[in-house]
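Reader: Hello! I am new to this structure and would like a close look at a single part of it. Could you walk me through one chain?

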Amino acid sequence: MTPPAHPNSTEADVIPGGPLLPGDGGRQAARERARRAKTRRGQAIAFLSSVLVLGGLAVAVFTSTGWPEVQAQFFSVEVFRDSFPGILSAFWIDVQVFLVVEVIVLILGLFVAVVRTSTNPALFPFRVLSALYVDVFRGIPVVLLIYLFGFGIPALELEGVPSDPLVLGAIALSLAYGSYVAEVFRAGILSVHRTQVESGLAIGLNRFQTLRHIVLPQAIRRVRPPLLNDFIALQKDVALLAVVGVIEAYRQAQIDAAANFNYTPLVAAALLYLAVTIPMARLLDYISRPDDPSRGMAK
Amino acid sequence: MSAGQAGDGSAVIDVLSVTKSFGDLDVLKGVELAVGEHEAVALIGASGSGKSTLLRCVDLLEEVDGGDILLDGKVITDPSVDPVAIRKRLGFVFQSFNLFPHLDVLENVTLGAIRSGQMSKAAARDRARELLDRFGLGDREREKPDRLSGGQQQRVALIRAFAPSPRALLLDEVTSALDPELVGEVLELVRELKSEGMTMLIATHEMGFAREVADRVAFLEDGRLLEVGPAEAVIDSPSEPETRRFLGRLHQGGLA
């Protein structure tokens, strides 16, 4: 509280707007004015800073000596127009692969995580195998796995085993991402508090029902953001199938680039990947917003 | 409301010479206690005296080391007994409510009864609605627990525990996590249950409530039941020096 000004004080005279006396009816309006001014000032600064930074970057790029050459090599409208339809149809393969692989990864990851977090002695060997699986497949570069599966398995000449590089590559992707997602699910399961399990048992559920109706729903809700993050990574990594000869968007773009002596097809392919990953990123932001009521965190 | 003697087989819950340790820590050191049909027994004692552990042993959430616990005259602490079947016959309410945050109020109340096969979905819902209405929560059935006050959450937890009409309710300090002004509404519900004849074993720090609702009070200290008797007698004129000390401390703290 402001102490009342001393009758003889001259201090009040130097404060703009007169003496600061408590209970002044105009203060609320003054505070609102000050708040609005602050907001306007903030907006102006953000705008100015954006113009400077982005404009500066644009000027630096477009006035560089190499820009005309880069523009012709990477951003040729003509080449884009010619190659885009072919790349788009090759991208359909990427879409199919990641849709199928995502479903397999969800099931595989959840299964492995449930086995790894179980305490049932009968599942002991499966726990060991799950841990081994995660260690191995999480620790090998995806590109190497695709290579090994795509070329190694057909070389075994086994009866009834697929030899299509597309299928084998998708299997390698599924196993690699299954191991990442298993760890995501496991973290989610372990994050559900022990008292929730006890509460489930106390209402007469058995262990499996408690897992199914109480632990997993909460675990899955909590790990949706890291899960989507892995899916974004997966959608890009489908391009790695190119190493075993699958002609998906990236490989098609490479072929077109070589044929035209122009890199524009690669930019076209990049745009297609962005077209699926950016919506996914926004979805991720949406579901991980802090006030999401459906997350239902235990207190 | 006969106060059955431990071991005579007439009680709903019979605790016989139960011991329980966690590592080197002996939490229960030979506890004997019987809770008769329609009887409410309050367990009092300091934090760490073993109240919660005793309740958790009865609900088979902890395994006893020595002794036995009987439900309706049958031993439930034998390894051959299916704990799930026993827990279906008992209701347990936790200090910190432990509602399921991903389910709404109605689902919280009905999940156990439906999934454990005790009631059809329709019957469980009807029963839950009837109870929620009766206890002033009828308009909250679609809310998630985090939208409710602590008192409302604990009332839902109580309804969840007794909706399937268990043989007995085990209440583990159900008001200890509540703001003081919310304690009343929860105790009111427990009072109602008592008036309906629900058999209850109640760990509590609320001496006024224990005296009012409990038929008998059992004073637990350091893993032993030092004094068991009619509520007024134990609380107003305890015969054991330890009980007097404990109650004296509560009075000093303004808690009783």
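Let us take chain B: what share of its contacts with a separation of 6 or more comes from residues 24 or more positions apart?

Author: Happy to help! Please keep in mind that this is a predicted model. In chain B, 66% of the contacts with a separation of 6 or more are made by residues 24 or more positions apart. The chain is built from nine helices and ten strands. Along the principal axes, its C-alpha atoms fill a box of roughly 50 × 45 × 35 Å. Chain B has a radius of gyration of 18 Å, which agrees with the value near 18 Å for a compact globule of 256 residues. Of those 256 residues, 48% count as buried.

Now for a sheet in this chain. Four strands of chain B make up an open sheet with antiparallel pairing, in the order β2-β1-β4-β5. Its edges are β2 (25-35) and β5 (74-75) of chain B; each has a single partner strand, so one side of each is left without a neighbour in the sheet. At the β5 edge, strand β4 (residues 66-71) of chain B is joined to β5(B) by two bridges, and the two run antiparallel. If you want to find this spot, look for Leu71(B), whose bridge partner in β5(B) is Lys74(B).

Finally, chain B also meets chain A, in a contact that takes 20 residues from chain B and 21 residues from chain A. On the chain A side, α8 (194-202) and α9 (207-237) are the elements that give two or more residues. The chain A residues that touch chain B divide into nine nonpolar, nine polar and three charged.

Key:
Residues numbered from 1 in each chain as written. Chains lettered and ligands numbered in written order. Predicted model: local features only at pLDDT ≥ 70, side-chain atom pairs only at ≥ 80, totals over all residues. Pairing = 2+ DSSP bridges. Contact = placed C-beta atoms within 7 Å. Nonpolar A, V, L, I, M, F, W, Y, C, P; charged D, E, K, R; others polar. Rg over C-alpha atoms; globule rule 2.2 N^0.38 Å. Buried ≥ 20, exposed ≤ 12 C-beta atoms within 10 Å, placed from the backbone.
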